[in-house]
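Me: I would like to go through this structure with you, starting with charged residues and then moving on to other topics. Could you keep the answers plain?

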Amino acid sequence: MILKNCNLFGKNVNIKIENGKFTEVGDFSATDGIDIGGNSVIPGLIDTHIHGCNGHDTLDMGFAPMCDFLAKNGTTAWFPTLVTTSFDNMKKVTEKIPDVKGAEILGYHLEGPYISKEYKGAHNEKYIKNPDINEIKSLKNIRLMTIAPELENAISVISECDFSISLGHTACDYETAKKAFLSGAESVTHTFNAMKPLHHRRPNLLGAAFEHQSYAEVIADGFHVHPVNVLMLYKLFGDKLILVSDALECTGFPDGKYMLGGKEFTMKNHTATYEDGTIVGGTHTLFECVKSAVSFGIPFKNAVKAASEVPAKRFGLKKGKIEKDYDADMIILTKDMNIKDVILKGEFYK
């Protein structure tokens, strides 16, 4: 398949796709092919922190409708993220990666249960506990785990895990965070949310992350983090900033009552909270977060990069770029920058 007359971040290119890969991108001659009409094209987005969408939560394992919804909305690969739950539930969900149509499941993200009770956020305190490396190693298909580094055994666990570790839902101070990064932690989970704030004499996790130049997640929906702080993170972390949705099962649905980890919450005006006012998670797609980030002042190309190329690079994936030999996952935008078509694994997704 050849796509002609594509606007790739201001450059007019033709794109050749074979066997699910980009095989040529540039100004090569193409008499045949599909004329995109000068519309913008961007890489498919990769969401590494998302709990659900389309009426389903990762814990109910409704992967077929979730993967379909995500693909149609520009997220072509994702890490189903588990909120704190029982070990039996974790093991059941992560036992295998389902083979379903739509957005590719790359592995699971355990956001709990190895987190701080003080900064638990929407997580169920009943299941929060200290990390146990034997328990963790008995799980399959884990790609990412959030951990509070101040917990007993946490630093040694971080050094022993063979998957990526992110620091979050934590009361840790600067010194502990620094130890965690030196032990192998690579990122911060939804930066600013569920963590001790930056203080002028106590830099805490954010200060240590900046010093270490780790990756930093942010939920750029304009609600979880003030737009100015999202822009500040971009200025601080640059090509290490990763946009995530933290989306819940209500994403794509109207206001109403929904569930997360067995607890009911309410979505009203795209805001999800428990009855006590605790923020539960996101209600926007990752593409909507990209558009919000642009409205906050992050250049369009860089906002897209933070939701595609950066997470792909972090996890060693041949995704997130429209370049030769990369997976042919791509979004075609309308003139007003909405999603017109999605190409997944080299084919138009319907």
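Me: Is aspartate 239 buried or partly exposed?
Reply: This is a predicted model. In it, aspartate 239 is partly exposed, with a relative accessible area of 46%.

Me: Which side chain meets that of aspartate 239 in a salt bridge?
Reply: The partner is lysine 305, at 3.2 Å from N to O. Aspartate 239 sits in the loop between helix 7 (227-237) and strand 16 (241-244), while lysine 305 belongs to helix 9 (residues 300-306), so the pair ties together parts that are 66 residues apart in sequence.

Me: And how accessible is lysine 305?
Reply: Lysine 305 has 23% relative accessibility and therefore counts as partly exposed.

Me: Which residues are joined into one network by salt bridges that share partners?
Reply: The network consists of Lys21, Glu104, Lys319, Asp327 and Asp329.

Me: How many salt bridges does the structure hold?
Reply: There are 13 salt bridges. One of them is formed by the side chains of aspartate 327 and lysine 21, with an N to O distance of 2.5 Å.

Me: Where do aspartate 327 and lysine 21 lie?
Reply: They come from distant parts of the chain, 306 residues apart. Aspartate 327 is in the loop between helix 10 (309-314) and strand 21 (330-333), and lysine 21 is in strand 3 (residues 21-26).

Me: Is aspartate 327 buried or exposed?
Reply: Aspartate 327 is buried, at a relative accessible area of 17%. Lysine 21, by contrast, is partly exposed at 31%.

Me: What about aspartate 68 and lysine 72, where do they lie?
Reply: Both belong to helix 1 (residues 63-72) and are four residues apart, about one turn of the helix. Their side chains meet in a salt bridge of 3.2 Å, N to O. Aspartate 68 is partly exposed, with a relative accessible area of 22%, and lysine 72 also counts as partly exposed, at 44%.

Me: Now the surface: which residues gather in a patch of negative charge?
Reply: Glu118, Glu150, Asp173 and Glu175 gather there.

Me: Where is glutamate 150 placed?
Reply: Glutamate 150 is found in the loop between strand 12 (142-147) and helix 4 (154-160). Its relative accessibility is 31%, so it counts as partly exposed.

Me: Changing topic, how many disulfides does the structure hold?
Reply: The structure holds zero disulfides. Cysteine 67, for instance, is in none, and the nearest cysteine sulfur, that of cysteine 53, is 8.0 Å away.

Me: Why does that distance rule out a disulfide?
Reply: Because a disulfide requires a pair of cysteine sulfur atoms within 2.5 Å, and the sulfur of cysteine 53 is 8.0 Å from that of cysteine 67.

Me: Is cysteine 67 buried or exposed?
Reply: Cysteine 67 is buried, with a relative accessible area of 0%.

Me: Which cysteine sulfur is nearest to that of cysteine 161?
Reply: The nearest is that of cysteine 172, 17 Å away, and cysteine 161 is in no disulfide. Cysteine 161 is buried, with a relative accessible area of 15%.

Me: Last topic: which residues of helix 8 are buried?
Reply: In helix 8 (residues 286-296), the buried residues are Leu286, Phe287, Cys289, Val290, Ser292, Ala293 and Phe296.

Me: What phi does glycine 297 take?
Reply: Glycine 297, just after helix 8, takes a positive phi of about 120°.

Key
Residues are numbered from 1 along each chain as its sequence is written. This is a predicted model: local features need pLDDT of at least 70, side-chain atom pairs count only at pLDDT 80 or more; totals for chains, interfaces and linings use all residues. Side-chain values use heavy atoms; hydrogens and water are left out. Patches are made of residues with over 30% relative accessible area and no salt bridge: like charges are joined within 9 Å, nonpolar side chains (Val, Leu, Ile, Met, Phe, Trp, Tyr) within 5 Å. Accessible areas come from the Shrake-Rupley method with a 1.4 Å probe; for residues, only the protein chains shown count as cover. A salt bridge is a side-chain nitrogen of Lys or Arg within 4 Å of a carboxyl oxygen of Asp or Glu. Lys and Arg count as positive and Asp and Glu as negative; His and the chain ends are not counted. The place of a charge is taken as NZ of Lys, CZ of Arg, CG of Asp or CD of Glu. Helices (H or I, at least four residues) and strands (E, at least two) are DSSP runs, numbered from the N terminus. Buried means under 20% relative accessible area, exposed over 50%, partly exposed in between (1.4 Å probe, protein chains only).
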